[in-house]
Amino acid sequence: MPVTTASAKLLEPVLQLAQHYRLDPIQILDSASLSEADFTKPGARFPASRYKHVLQTLAEATGNPRIALSLGEATQPRMLGSTGFLMSTAATLGKAYQTLIDYLPLLFEGAVIQMEQTAEGTLLTLELNEPDLQPIEYLLACLINWPRWLTGHQIPVRFVQLAFPEPDSLQPYQRFFAAEVQFDAPRTQLLLASDYLALACLDANPEMHQLHREFADSLLSKSAQQSALTAQTRNLIRRQLAEGGGSVRREQVAASVGLSLRTLQRKLGVLGTSFQDIYDQTRREVCLQLIQRGQLSFGEIAFQLGFSNQSAFQKAFKRWMDIAPSQYRQQIKPEAFIETAVLPGHQQHNSDWLEEDDSRRRILKIEQRIARLSSFSLELLEWAALLGEQFGLIQLGQVTDNPVARLAIHLWPAEQSGLIDTDSSTTDDQASYTFSHADIRNVLFQRLSEAEKIRRHYKCGMAMLDALPKPFTLDQVAAVLLHLNRAQQQADSKQKKQLQQLNISAAELAREQQDYSSANRYLSNASRLLRADQLTEKTQLLLQRAKLQLLAGQVERAHICLQQLPADQIDNKDAIRAALLTAEICQHRGQHSLALTHLLDNLATLDQPLPEQDSQQLSLLLAQLDDISELFNAQLMTQIQQPIDPEDLLRLRLLEQISLIARQQAKPLLAACAIGRMTELSLHQGRSPLTAFAFVSYAWVASWFCADYALAQTFSVQGMQLANQFGGLIPGGTDLSRNESDQQIDIATSAALLQSSQVQHWFAPVHSAKEQLRQVDTLSERHGQWLIQSECRLLQHQLSLLSTTSLSEQLEMCQQHYQRMIEQQQHHQAARLRDSSLLLIEQLRGESPLPTSVQYQHGWQAVSTIIGALLLNQQHLWPELYRWEAQLENELAGYFGVSEALFCTAMMRLIQAQQQHSLVRRRRMEVEQIESRFELWARHCPENFNCQLRLLQAEKARLLSQNPSAQFECAIATAEQQGFSYHRALCYERYGDYLQSQGQHSLAQFCLHKSSSLYLQWGASEKVKQLAHEQTLLAK
Amino acid sequence: MTPWKVLVVDDEEGIHGITRMIFRGYEFEQRPIELISAMSGAQARELLLEHPDIALALLDVVMETDNEGLQLVEYIRNELNNRDIRVILRTGHPGYAPESQVIVNYDINDYLSKAELSASRLLTSVVVALRSFRDIKSARLQSENACQSSQSNNQLLQSAADQLNLQMAPILKQSQRLQQFDLNPVAKDLTANLHAQHQRLHNSIGILDTADQPVNLQLIEPAKFLDEVLHTFLHQSRREGWLLDYSLDSALPVQIKTDPLRLKQLLISAIELAILQADGHDLKLSVQPATQPGQLQFRVAQIDGQPIFPASPWSQLLQQHVQQLCHQMQGKLAEVDESGAINCLIQL
């Protein structure tokens, strides 16, 4: 006899364990009679008889005689090569074990496992040519341990028997198996509860399973392993039986192992067996399994096993089991018969029988009831399970393509056994039913083999597809795709194409309904239908999916989509589209500088890169200004319409994002360069969807950097006109196609947001931004532009502090928006809102403690902190805040909030100087500087800046011992006109303070009272408290 | 109209460009602005000589050298001796303000960070500087007119000061001699106070004295010297319940060579001023070598509390006096900042 061998894969777990114990791997390989070089060869094998030495070596080296048990526990099926893969991809645990049995010789020649269904459960018997304790221990441990890897469930063993003499201590075994362990048994066996075999494997995958099986078969036939021939033959027989032809053709089996029938017979003879023996044995095993599963009648079983008639089957069964099949069934399923007996008395629609038990027992009960249905009823029910919780007869007729299915009569048995309920409101013909319990549908569905599921889904889907109206709604196409997407492999290439189109249409419909995750799923299905060589299409779909994930607020998933892009086979434009999405992801995560670098790098692939040095940026800015001033023709812009080169559009997109992020990153000059280039492109190439954004942004550049207010205003007006006209800011203003208008709205909102944040207030009252921001908020919500929305909300809250809306109302809104940002995983933006408006409102309302020290975090926080420190008179913070000005100005360049912060810091300096009776030169310089800026700003927009200017002048006059009364009066008058919330109160407060110092107490009282009531009206209870406290101090 | 001449010194062309753009067509008090551009410190020096009527210089700090801008200011103030021209410095980092010493010593109007590119910031900075230049010019005109009339006034004051000094000298001498008698403790305390008051009175008279005194250099021991000075204020501090502490930097030599009379006047006046500002808070006098070799730094600072700057003529007089003494000792008085600390620098 040739030497039996074992796969070297068996040594992998041993070596892992050895490494854990710091043992020399060579020693292990030595004991397996294997050199290191041989070990590393693919498909390496070693003499099976050496395995016990390997385990012995390990046991000695670790000082643990029961190490084989631990080794079994540490062995994952996947470590064991093709046999392991075969097991893990099998549909159920039962099938996985069956696979192991069939292909065990690949792993360990000379070992045999048998699986038998008995009344107690499933019995696994283990036999070795050379029965040594340690290999047996190992394999037993594996058998018990693997279900955990395969199904995710730990499976209890009922008992373990070993055909070995009892050792000194049973304890390690009992502990390990957690079951009754018996030695000196006739055979080595373990018993499991049979229902566990139906557990689905986690990695079940019919295609992969098939692949691995083919590979394993080729290994089996290639090798001259004798015992494998038996297993292979058995396996082929089993498969032919399962395919259901009934008879098994010996010649075909022989051909499948690459032998003539005669040679096969002869070789089997050498092994001490015969084809007939194996055939008989296999039929017996299959037969017992089929009875156990309980799906088929004995007639069907007989047919499947290839018996020509029932009595032949009965005879054979008696020979195998010594009892009649019906007796056997009664033995293993006594319950079923008792239930049948009491069935007539059962309440039909009562689903009580389903409620009380735990789910496993419920499933068993369901299975038993299902087993009693006629095969046609069962088939109908299976179709119904495919259709959904609720189904109708007409539907059933359609999908089964069988008019008989429409007859309610066939469903009566199911109804009677309490599996389904009828919907009483319908007539017989249109009757509709529901499953009595969700598990019933599941059980029915799980009973179907994968192939059968696919076949049925396919049939079902195709039937529904024929009935699909045109144009269809999302619900209609969703129902069709539910089936067809599960049966993709059944479709031919033409159908695949159609299915792909359907998925894409469904994705569009879902996107329209803002069901972004469904849209993504449809696109994912569409992409699965592509051929491997359709890379461009695949890339497109991935990009769209990433966008959808972002719309759905799933930032991480969007990232995963982008990672799947074939990096080296992607064209330039798609790479830029991907970069734009990546940048968006980075922004969601708060990695703005990374986003910026990424975009700049990508711009460099298309265009002149933007300069990095401040000085070069400045020069570029000037050159752009010259160019733009020359090109700009106010009359023409709204009329020009030119087809846009997609590449130009991408370039504009990149520049737009660069400008936005650069601005946020306190690089206003870089932002300005990007905007300048966008404006030049627009002026050269004609109107594009981004022109509105470019113009409005350029208005900021012109006003902020160049102090050219006239140019700024013209650009702003032109830009907003475009945004309104083409961007849906005015509802009903456009009749562009859906896609185009979507894209334009995207850009219109960002143009409008920019105008509100950096441009508008230099020319128009700040309140007028409110309506526009509301519009931006609504539109960005509708289009899932979450970054724009959150930016818009930050600004809304900053500006609404100036409105007369009560703080309690503002707080509520602010908290809502904050929650929303958190839910959308926009932690960065959420933190900004929390540190700024949210905190300030809480402080003003006395709900948050006032800080003892502050640190600059970001512009939004800086503005709020500065306003709060002035209003709440936190003088200890003031000197620190003066230092924030320059940084703040760069970060929120052009924002109204910056002017407000500067106003506050100037006030602080003046108030502090009054207490010290002197304004040191440096502070005076700084105050004069800010005052002059307000003078300049007030010249262009007195509505927004006059009040602040007057108040600053009044304070300065007071400091210089001039009579400031007239200026205070003037400040109050402008504040009343301007209507900013706290400015009015502040003017009265300061005037009161002055009057108090002059001894004009009753006038002072009046002013302070007025101030206090204004603060109260606003809701700044903390401030009101402070004022009251100060007044009582003064009274003393 | 004659334009305001503004010198822009920067080695970056872009800065000149943006400045030109912002000021094109701009007028301050109906006078246009003429920008004069220099690309380096050297060129700026030439242009300064060429245009003595420059009102304002916008200087980049880092050009040929790391502090070219500062050297230029030094050149303007010390070599050209032009105290009127306004200076705006451009510095490298946002939010970075040069040492307040630099601003004060070189009389710098404003500092702009290179990243501060908001047009309104530059515009208003220039406007504020020009306004200040205008005020200086008109003040100078006025004081030249006033000078003649105050001449006679000064002579009167000087003769009064001489007379007071003459009367003060024997009083001081006698109260000092009183100290050397072996008196009972109460009397000793009284005489000590009396002498301290006399010394302060003497110092106050010295403020009226505008005549230049000859320099008289001697070796003194700083510790002993300071003890003596501080003793002068002991009585008042006890009565009012505040502390006057001093610390000497360990790097100071045991003996220094200086004019003890002037130094004493300087210290007493500085402390008098600090007492007025501190309004009852504790004070600390510290002495240490200055960063530049051969110079000594005195600092009288409030230990806690906020200073109050009295606007009385007396405190202004005190401040002028301290400043004058510093100049006489080839040093300077730093501008008082918000903390109220008085920083004097003198040459040894």
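**Exercise 1.** In this predicted model, find which residue of β7(A) stands opposite A:V160, then work outwards to the sheet around that spot.

*Solution.* Start at A:V160: across from it, in β7(A), you'll see A:L190.

Next, look at the two strands involved. β5 (residues 157-161) and β7 (residues 188-192) of chain A pair over four bridges, in the antiparallel sense.

Now zoom out. The open sheet has five strands in the order β3-β4-β7-β5-β6 (chain A), and its pairing is mixed. At the edges sit β3 (111-117) and β6 (180-182) of chain A, each pairing on one side only. On average, neighbouring strands here are turned by 15 degrees against each other, direction ignored.

Last step: what lies across the sheet? Helix α8 (residues 133-151) of chain A lies across β3, β4 (122-128), β5 and β7 of chain A, and runs at about 155 degrees to β4(A).

**Exercise 2.** Work out how the span of helix α21 (residues 375-387) of chain A compares with the expected one, and what its buried residues pack against.

*Solution.* Begin with the span. The helix α21(A) has 13 residues and reaches 18 Å from first C-alpha to last, close to the 18 Å expected at 1.5 Å a residue.

Then pick out the buried positions, meaning those with 20 or more other C-beta atoms within 10 Å of their own. In α21(A) they are A:S377, A:L380, A:L381, A:W383, A:A384, A:A385, A:L386 and A:L387.

Now check their partners: these buried residues pack against β8 (390-392), α22 (393-400), α23 (412-416), α24 (438-447), α25 (450-466) and α26 (474-484) of chain A.

Finish just past the helix: right after α21(A), A:G388 takes a positive phi of about 140 degrees.

How values were computed
Residues numbered from 1 in each chain as written. Chains lettered and ligands numbered in written order. Predicted model: local features only at pLDDT ≥ 70, side-chain atom pairs only at ≥ 80, totals over all residues. Expected span 1.5 Å × (residues − 1). Buried ≥ 20, exposed ≤ 12 C-beta atoms within 10 Å, placed from the backbone. Contact = placed C-beta atoms within 7 Å. Pairing = 2+ DSSP bridges. Axes fitted to C-alpha atoms, helices over the stretch in contact; angles between N-to-C directions.
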